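Biologist: I am new to this structure and would like a close look at a single part of it. Could you walk me through the lining of the largest cavity and then show me what surrounds it?

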Amino acid sequence: MAYVTTPIYYVNDDPHIGHLFTTVSADVLCRWHRLSGYPSFMLTGTDEHSAKVVEAAQSRGLPTLEWARSRSDSFKNAFRVFHVSPSDFIRTSEPRHIEQVSACVRLLLQSGDIYRDEYEGWYDAGQEEYISDVKARQFGFLSPINRKPLLRRKEPCFFFRLSAYEDDVIKLIESEQLKIYPEVRKEELLMRLREGLRDIPCSRPRAGNWGIAVPGAPDQTVYVWIDALLNYLSAVNTSERRELWPPTHQIVGKDILWFHAVIWPGMLLALRKSQPFSSLALPEMVHAHSFWIRDGEKMSKSMGNFVSLHELNRLRETYGADSVRFFLVSAGPHGTSDTNFSVIKLHETYGSALANTVGNCCSRVTTMIAKYCPDGRPEKRGESGFPIARVMRLISQARTAVARSDISALVEGALSVFRITDGYIHQAEPFKLARDPSQLMHVSGMLHDALEAIRLASLLLWPVMPERMETLWNAIGVDHLSQTMSRGGHASSDAHFAWCESAFERPIVPLRPLFPRVELADISGTTSELASGRA
Ligand code: MSP
């Protein structure tokens with residue numbers, strides 16, 4: 001069972017490449033588990049209870065809920081057109097979430113893990129969070145994010161007793177009961193944790209009717225982060241879904257790792273003190289990726305340099321949604337370094353990896369099969385000289401890497417298999433042998449092995465490019481898999497990852513190019529990079 005989550009996104013921002021990247025990464029992981037034979041569940045959604053949402057709705061003369069819904073829909077649609085298929089999309093303004101947050105906060109009040117006090121500190125209004133005195137001084141009392149002055153605030157509020165869970169959280173992370181990827185992030189977290197944990201404010205004075213009131217204290221609203229983190233629990237804490245718990249993979253950006261690896265486990269440990277949650281398991285892994293940047297600069301609202309949904313949609317229209325996904329997965333900031341976004345890089349990746357390597361190899365092999373094999377069906381005939389063991393090693397290495405949530409290994413593994421297959425065809429020249437009728441059986445065996453390698457590589461690529469790989473599967477007669485997968489099901493086992501001598505039971509249809517040629521000129525003028533001549 002895999003339960004894969006993304007952060008839930010603030011509705012006051014427009015969807016951009018960062019949101020799409022995290023969400024596609026989670027979708028790829030979830031699809032990978034489904035393909036490997038595991039029932040899987042992917043959760044994404046929107047974080048709506050920020051005070052800024054009220055202001056934005058007011059300035060447009062709309063009811064807050066209505067405005068939030070339309071913004072939430074824009075995330076939903078953005079993800080849908082990029083072939084992301086979450087099992088659920090949660091909104092924090094939904095009653096099912098609000099009820100569960102109230103219930104959890106009530107339990108934490110009863111156990112004394114949430115208590116009333118007063119808070120004074122430096123507040124970053126843009127981020128809706130308090131900044132530690134040390135950090136405030138370090139940034140000259142300006143927001144580290146938008147550089148606006150921090151506000152000195154003193155207010156009555158509730159606190160969450162995070163300090164009580166310091167040792168437990170350290171143990172969880174050290175023992176890898178909670179795995180943190182990449183490893184370097186784990187060390188950073190532990191260093192910061194060993195400096196000590198303080199209790200954190202978990203409510204703010206209530207204004208208006210937006211957000212979740214603290215039970216028994218109608219003057220206080222549950223702090224958005226406490227509200228938002230609980231979405232991972234509230235979405236599945238129902239009688240039908242309870243067995244999905246706990247999250248196995250929580251994909252987040254590096255900016256919010258602390259919330260997910262420290263505060264969130266702390267909250268769950270505290271909840272365990274209360275009867276309904278006494279045997280609550282804890283999340284298994286948090287993967288914190290780095291950031292897409294542009295021209296070496298962090299993308300931000302104030303810089304206005306986000307790779308916007310508009311820009312992403314232009315790229316999608318030109319290259320196809322699957323190709324944009326492929327680029328995000330193959331070039332994205334999965335590790336500890338940020339990645340510079342570049343349309344030129346996307347174009348080059350499309351040309352070399354997709355059109356020339358994957359697409360060409362598929363068209364070439366299927367065309368030869370239709371031409372040279374009796375009934376268009378390649379058959380295994382003795383030794384073909386195809387490097388089967390090498391291919392199987394690559395498949396197995398990729399599978400091991402994805403188990404550590406390294407999804408770029410899918411792309412690397414698949415491309416290596418395609419290159420090996422191309423190299424084999426180039427060297428063994430079945431198209432020349434086929435001129436001699438006595439060699440046709442041998443040629444059929446060679447093409448069988450080439451196609452079998454393509455089938456295996458397509459398994460690695462399906463989570464990344466589901467639509468294109470299903471087109472390939474339908475052409476090479478493995479459509480039973482595409483039917484199960486496209487319906488959101490999971491494979492009955494992982495048997496299809498084995499080398500198979502009788503995989504192709506239907507005549508093979510020559511494949512039209514999976515990745516048609518695109519000229520760079522087709523997108524010029526539509527992206528700021530090309531328009532400004534940065535190409
Ligand atoms: N609402 C909170 C999360 C609550 S989760 C319980 C939030 N929302 S957000 O809209 O700001 O989204 C943050 C997430 O978007 C990041 O953690 C990351 O996953 C993604 N990205 C935002 N900008 C990004 C880049 N420039 N690059 C890659 N991903 C980044 O924080």
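Modeller: Gladly! The lining of the largest cavity is made up of 4 nonpolar residues, 5 polar ones and no charged residue. Please keep in mind that what you see is a predicted model. You can pick out the lining by looking for Ser25, Ala26, Leu29, Ile251, His287, His289, His334, Ser405 and Ile407. The space they enclose is about 50 Å³, and the model has 3 cavities of 30 Å³ or more. Two elements, H1 and S13, give two or more residues each to the lining of the largest cavity. The largest share comes from H1, with 3 residues. As background, rolling a probe the size of a water molecule over the atoms shows where empty space is left.

Now let us follow H1 outwards. Helix H1 spans residues 17–35 and lies across four strands: S1 (2–10), S2 (40–47), S12 (249–253) and S13. Relative to S1, the helix runs at about 165°.

Those four strands lead us to a sheet. In the order S3-S2-S1-S12-S13-S7, 6 strands form an open sheet with parallel pairing. Strand S3 (88–91) and strand S7 (179–181) each have a single partner strand, so one side of each is left without a neighbour in the sheet. From one strand to the next, the twist averages 20°. In general, strands of a sheet pair through backbone hydrogen bonds, either parallel or antiparallel.

S13 deserves a second look, as one of the elements that help to line the cavity. This strand covers residues 285–289 and runs parallel to S7, joined to S7 by 3 bridges. If you would like a spot to zoom in on, find Ile180, which stands opposite Val286 in S13.

Finally, here is another sheet to set beside that one. Its 3 strands follow the order S9-S11-S10 in an open sheet, and the pairing is antiparallel. At the edges are strand S9 (203–205) and strand S10 (213–214), each of which pairs on one side only. S11 takes in residues 217–222, and 3 bridges pair S11 with S9 in the antiparallel sense. Here you can zoom in on Arg204, which stands opposite Thr221 in S11.

Note on methods:
Residues are numbered from 1 along each chain as its sequence is written. This is a predicted model: local features need pLDDT of at least 70, side-chain atom pairs count only at pLDDT 80 or more; totals for chains, interfaces and linings use all residues. Side-chain values use heavy atoms; hydrogens and water are left out. Two strands pair if DSSP finds at least two bridges between them. Axes are lines fitted to C-alpha atoms, for helices over the stretch in contact, and angles run from 0 to 180 degrees between N-to-C directions. Contact means heavy atoms within 4.5 Å. On a 1 Å grid over the protein atoms alone, a cavity is a set of points where a 1.4 Å probe fits but cannot get out, and a pocket is an open set with protein on both sides within 12 Å along at least five of seven lines; lining residues have an atom within 4 Å of a point. Grid points are joined across faces, edges and corners, and a volume is the space filled by probe spheres set on the points. Ala, Val, Leu, Ile, Met, Phe, Trp, Tyr, Cys and Pro count as nonpolar, Asp, Glu, Lys and Arg as charged, and the others, Gly among them, as polar.
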